Each structure stands twice: as structure tokens, then as C-alpha cells.
Amino acid sequence: MSERSYWLMKSEPDVFGIQDLANSPDQTTAWEGVRNYQARNYMRDSMKPGDGVLFYHSNANPLCVAGTAVVVSDAVPDPTQFDPESEYFDATSSMSNPRWMMRHIRLVRLFEPPVLRETLASTPGLESMILLQRGTRLSVHPVTADEWRIIHQLAGVQPT
DNA sequence: GCCAACGTTGGC
DNA sequence: GCCAACGTTGGC
């Protein structure tokens, strides 16, 4: 019996924000389009159904944790890698040996108001967040149980 | 819009 | 296998 883990996943709200997740069927979405090996490895190898997800708005105003989600599927091939019409098409991947894997996530809650990045940056205990390290671009990465708890405190809600 | 930091590509 | 060049990310 392995412990539950926690993750942060970035999305640009102009492309797909937490409101889009809230409006999705079953408030569930496929986390398509990740084309970075480290992020893929986390999704493929380390995530488990039931893990918690901080839904982060990048390239946005305001930059913020907009809410939380939960991992609801095993790792499955990202179908967009096989779609020549998709911007995420990868001609070097094959059905028999897919390169890019993804998960499905379901909305748990919106943070209202969202927890701003500048709040994270000034909160004791969050100094080590990967998100806040200089030069970090990784769009899927782990957060600690402490970080998960502190961010829920900032949001004024019980951790789920 | 700028640009620093990073990841990937490809010539050698 | 190195590393320069390039493209992208993403905060500011």
C-alpha cells in the first residue's frame, strides 16, 4: 500500500483553465500535450489514481493555484501524438511503442479566491517549492505533503 | 515584449 | 559524446 502523493500541474488559462475543467464532462480531462520527458516520467511512472493535484495557472494574470484536482486514471498513451492534425503530433512515435503518456484528472475544488504565486513566494514553509525555484519550467512536478497542507491553509479550506 | 533559463537537436 | 545553435517556457 503506497502513500498518496501530491503534484502540481501547470496550464495556461487562455488555453485550458480551471473553469474549462469545471465545464468538462464529469469535470474530468485528459492531460494531453505534455512533451517533456521528465514531466512524462512523473505521469507515467510515479502518479497514482487518488493522488492530489494543484492546478496552477501559468502565463496568466494573476499567476495562481486556481484549485485542486485528483488523478483518476492509470497512464495511457496520449492520443494527440498519433494525430497529424494535432499540434502535438509526433511522427517518431508509434502505436506499438508510444512515447508520450498521460493521465486523466478530475476537478476537486476551485480556490475562491485563488492562491496567488506572490503569496506562495512570501509564505514560510514554501521556500523549497519546485515552482518557485529560479528557472523552473517543468509543467508537472511533485509537491510535498507539507506544501499541500500549507497551500490549503492559505486557501482557507480543509485539505482533501 | 523582453529575456533568462532550460531542453533538444544535430554536426562533428 | 561534446557542445553550439536553436526553440520554448514562463516570470517579470
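The following paragraphs describe the DNA surroundings, the largest pocket and a set of paired strands in a predicted model.

Residues are numbered from 1 along each chain as its sequence is written, and chains are lettered from A and ligands numbered from 1 in the order in which they are written. In this predicted model, local features need pLDDT of at least 70 and side-chain atom pairs count only at pLDDT 80 or more, whereas totals for chains, interfaces and linings use all residues, and side-chain values use heavy atoms, with hydrogens and water left out.

Lys10, Tyr56, Asn59, Leu63, Arg117 and Arg137 are the residues around DNA strand C (near meaning that a heavy atom of the residue lies within 4 Å of the strand). Of the atoms of DNA strand C that come within 4 Å of the protein, 62% are accounted for by sugar and phosphate. Polar contacts, defined as pairs of N or O atoms within 3.5 Å, reach phosphate oxygens of this strand from an N or O atom in the side chain of lysine 10 at 3.0 Å, from an N or O atom in the side chain of tyrosine 56 at 3.2 Å, and from a backbone N or O atom of asparagine 59 at 3.2 Å.

Around DNA strand B lie Asn36, Tyr37, Arg134, Gly135 and Arg137. Sugar or phosphate contributes 68% of the atoms of DNA strand B within 4 Å of the protein, and bases contribute the rest; a polar side-chain atom of arginine 137 lies 2.5 Å from a base oxygen of DNA strand B.

Lysine 10 also appears in the lining of the largest pocket, where Lys10, Ser11, Glu32, Gly33 and Tyr88 are the closest to the centre among 17 lining residues. Here a pocket is an open set of points, on a 1 Å grid over the protein atoms alone, where a 1.4 Å probe fits and protein lies on both sides within 12 Å along at least five of seven lines, and lining residues have an atom within 4 Å of a point. The space in this pocket is about 520 Å³, a volume being the space filled by probe spheres set on grid points joined across faces, edges and corners.

Strand β4 (residues 64-71; strands are DSSP runs of E with at least two residues) is largely enclosed by the rest of the structure, because 8 of its 8 residues are buried, that is, under 20% relative accessible area with a 1.4 Å probe and protein chains only. Strand β3 (residues 52-57) pairs with β4 in the antiparallel sense over 6 bridges (pairing requires at least two DSSP bridges), and valine 53 has alanine 69 in β4 as its bridge partner. In the hairpin of these strands, with 6 residues between them, asparagine 59 takes a positive phi near 50 degrees. Strand β7 (residues 104-116) runs antiparallel to β4 and is joined to β4 by 7 bridges, with leucine 110 in β7 opposite glycine 67.

Conventions
Polar contact = N/O pair within 3.5 Å; in protein donor to acceptor, adjacent residues only side chain to side chain. Buried < 20%, exposed > 50% of the residue type's maximum accessible area, 1.4 Å probe, protein only. Helix = DSSP H or I, 4+ residues; strand = E, 2+ residues; numbered from the N terminus.
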